[in-house]
Amino acid sequence: EDKEEDESKEEDNGNQQNRASRRKNYQRKNRDGKKAREEGSQKKDRGKTAPTKDQKESENKGKKTTKRGKEGENKQKKDRKNSTSSASSNSSDEESLSEEELAMLKEQVEQKKKLISTMRTKPWRMVKKLSVLREAQDFVEKFEGALGKGKGKKLYAYKMMMAKKWVKFKRDFENFKTQCIPWEMKIKEVESHFGSSVASYFIFLRWMYGVNLVLFGLIFGLVIIPEVLMGMPYGSLPRKTVPRAEQATAMDFSVLWDFEGYIKYSALFYGYYNNQRTIGWLKYRLPMAYFMVGISVFGYSLMVVIRSMARNANESTADGDDDNFIFSWKMFTSWDYLIGNPETADNKFASITTSFKESIVDEQESNKDENIHLRRFLRVLANVLIICCLCGSGYLIYFVVKRSQTFSKMQNVGWYERNEVEIVMSLLGMFCPPLFETIAALENYHPRIGLKWQLGRIFALFLGNLYTFLLALMDDVNEKLAEEDVVKNITHWTLLSYHNSSAGNDSTVTPPPLDPADVPRGPCWETTVGIEFVRLTVSDILVTYITILVGDFIRACFVRFVNYCWCWDLEAGFPSYAEFDISGNVLGLVFNQGMIWMGSFYAPGLVGINVLRLLTSMYFQCWAVMSSNVPHERVFKASKSNNFYMGLLLLILFLSLLPVAYTIMSLPPSFDCGPFSGKKRMYDVIQETIELDFPLFVAKIFSYVANPGLIIPAILLMV
């Protein structure tokens, strides 16, 4: 290609030299003709008499020279045509482009490319930018291929075509990946109407759905499916059979609604799984798998939460200090460019205007300390009232749980008495957040700061309620452990007396096995704990959906249709349309996930229920937001809200791990239910697996690693 380009350059240089020499000859001939004509005209001017023979001869000479000049011009034109046609046929396919024109075209293409790359920095209107950009792109696409020389031109054009197609393919593939993200367009629609602060909740909900889907895959694939396919079938063991006294009502709706009957003795709960060390032809170690999956749930969740926090910290933009450069931050960072709804844009515009006015007043009053003591007093008063509410809710839950333990020992208990704990906790979670928001109006915080305070207080409410519930539940577990000792003796005595009586009647005949439905059962405290967590989750789902229907949809319908015939303006006054409660919904998700983490060890099917809950919540809440809610009066950007949500989730993950770790390390498992029955502690399954399935030196290594001299420094390093 380089040789061909050099040859073409040499040919072009030769053609240019021929043209230059012809032009010089043509100019000389024209000069001679002009001189002759000038001499003739001078002679005519000298004498106006009749022309002489000398004059006639000079005129004839001038005519001859002009004829010769015209003939030279015709010859030069013919030579130019022949030379240019031959040169163009030899050099390239573009017959009309010379070397100078190609250089000019190349310069123009480079200028257009530079213009395209710097288009964003031009201080033009968008319409002008788009029109100039289209013209530049069309020019580059049309003339860029003409810059090639000889045979290399086709290769150059092919490369340019493939490069453009590759760029288009990458852009289309990115759009395809965006379309494949679940609920991406739905969340973008919510974001355009309500701002990024409301959309951050739905992004957090989608992330929670993905995490729970992975946890469900772990539990379902490694625990539930192996037990169902390779374990003992239903009715073969007492732990997998409904007792004889409960079989008559085991399929009643009221019994199934309380997760008793057949649901209690299913793979949904801990007690269904057998303690057989290996099951099936694969020799699958189910107890070990159950224990490791329970630990992996917390390990995977911890890893994902920390990675998400690190990613958000790297991608988030700085908020700036609220005390420094107030007006600069408001001027250049106040607008939320994701808003696409006119009503939301008007609210945002009014919010920015109001914030400027407030900042001006605050700046003028910053040197005056007249009301600072009143503000401090109101904030202290608000915190005292909220602490009283938290203490009262904790005491109420403890009282209700202790009362439910007395109801469980009674016969013919009503529906309210059976579900009193779930009802009280759901009502507290529904009415306390609005009460906190009303009290927080005394503090007069910025909306973003107020949101974080509200999140922290609701988090303290939910966490206090949950731990109060756990403390009261631990008292019930201790009572069941004491009851197990009595039932264990009764069970052994019943089996021994049955075999002795069968042997006394006929010693030569093997006695038939005792029906599993007739064997006395222990209370199985693990299944009881799992049932309580499943009830809490289901009641929380129902209360959330009913609150959305009554508090948002029916309220919006009432305001919309009754406003025409009411005494005052319902849209502007009371009750008006509801705003989306970001703090309450986020803390509801976090609280629910904490119950899932704690309860999944005692109820493996609880994660599946939570996956269905999150899936329906995405569609139901998106519909409720778009149809029943209005944008916030003071719309603010999400900023680092996602990382704040992750911080709360990380905290409740750690606090959810503590009760599970306590039961694994301290409490003895039930003797007749679950994969760890017959062992002193649940973690004994690890020692059993190491001793029976690993070489001897591996057991020594684990014994050295379990030395407190190594564990304590490792814990300190992690802290």
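1. In this predicted model, Lys 240 lies over the face of Tyr 272, at 4.8 Å from the ring centre. The ring concerned belongs to a wider group, for Tyr 272 forms one aromatic cluster together with Tyr 270, Tyr 273, Tyr 290, Phe 291, Trp 525, Phe 601, Tyr 602 and Phe 676. A charge over a ring is also found at Arg 560, whose charged end sits over the ring of Phe 561, 5.7 Å from its centre.

2. Aromatic pairs deserve a point of their own, since a pair of aromatic rings is described by the distance of the centres and the angle of the planes. The count comes to 28 aromatic pairs, and one of them, formed by Phe 202 and Phe 580, is stacked, with 5.7 Å from centre to centre and 25° between the planes. This pair links distant parts of the chain, given that Phe 202 belongs to helix 7 whereas Phe 580 is in the loop between strand 1 (578-579) and helix 17 (582-599), 378 residues apart. Phe 202 is buried because its relative accessible area is 0%, and Phe 580 also counts as buried, at 6% relative accessibility.

3. Helix 7 (residues 196-230) also holds Leu 222, a residue that counts as partly exposed because its relative accessibility is 37%, a value that falls between the cut-offs of 20% and 50%. Leaving aside residues up to four places away in sequence, Leu 222 touches Gly 217, Tyr 284, Leu 286, Ala 289 and Val 293. For one of these contacts, Tyr 284, the C-alpha atoms of the two residues are separated by 9.8 Å, although Leu 222 and Tyr 284 are 62 residues apart along the chain.

4. Is Ser 301 buried or exposed? Ser 301, which lies in helix 9 (residues 286-315), counts as buried because its relative accessibility is 1%. Its contacts, again not counting residues up to four places away in sequence, are Leu 215, Trp 597 and Leu 653.

5. The surface carries a nonpolar patch formed by Phe 253, Trp 257, Trp 415, Tyr 416, Leu 542, Ile 546, Leu 549, Val 550, Phe 553, Ile 554 and Trp 623, which together have about 1,100 Å² of accessible area. Two or more residues of the patch come from each of helix 8 (253-257), helix 13 (415-418) and helix 16 (525-562), and it is helix 16 that gives the most, with 6 residues. Trp 623 is found in helix 18 (residues 606-628), and this residue counts as partly exposed because its relative accessibility is 36%.

6. Turning to charged side chains, a search of the whole structure finds 13 salt bridges. Among them is the one between Glu 184 and Lys 188, whose closest N and O atoms are 3.9 Å apart. Both residues lie in helix 6 (residues 184-194), 4 residues apart, or about one turn of the helix. The two partners differ in class, because Glu 184 is buried, with a relative accessible area of 13%, whereas Lys 188 counts as partly exposed at 40% relative accessibility.

7. A second salt bridge joins the side chains of Lys 264 and Glu 260 at 3.8 Å, N to O, and Glu 260 counts as partly exposed because its relative accessibility is 25%. Which residues are linked with Glu 260 in a network of salt bridges? The network consists of Glu 260, Lys 264, Glu 532 and Arg 535.

8. Finally, the side chains of Lys 679 and Glu 688 meet in a salt bridge of 3.6 Å, N to O. Glu 688 counts as partly exposed, at 26% relative accessibility.

Notes. Residues numbered from 1 in each chain as written. Predicted model: local features only at pLDDT ≥ 70, side-chain atom pairs only at ≥ 80, totals over all residues. Heavy atoms only, no water. Patch = residues over 30% accessible without salt bridge, like charges linked within 9 Å, V, L, I, M, F, W, Y side chains within 5 Å. Areas by Shrake-Rupley, 256 points an atom, 1.4 Å probe, with all protein chains shown as cover. Salt bridge = Lys/Arg side-chain N within 4 Å of Asp/Glu carboxyl O. Buried < 20%, exposed > 50% of the residue type's maximum accessible area, 1.4 Å probe, protein only. Contact = heavy atoms within 4.5 Å. Phe/Tyr/Trp six-rings, centres within 6.5 Å; stacked < 30°, edge-to-face > 60°. Lys NZ or Arg CZ within 6 Å of the ring centre and 35° of its normal.
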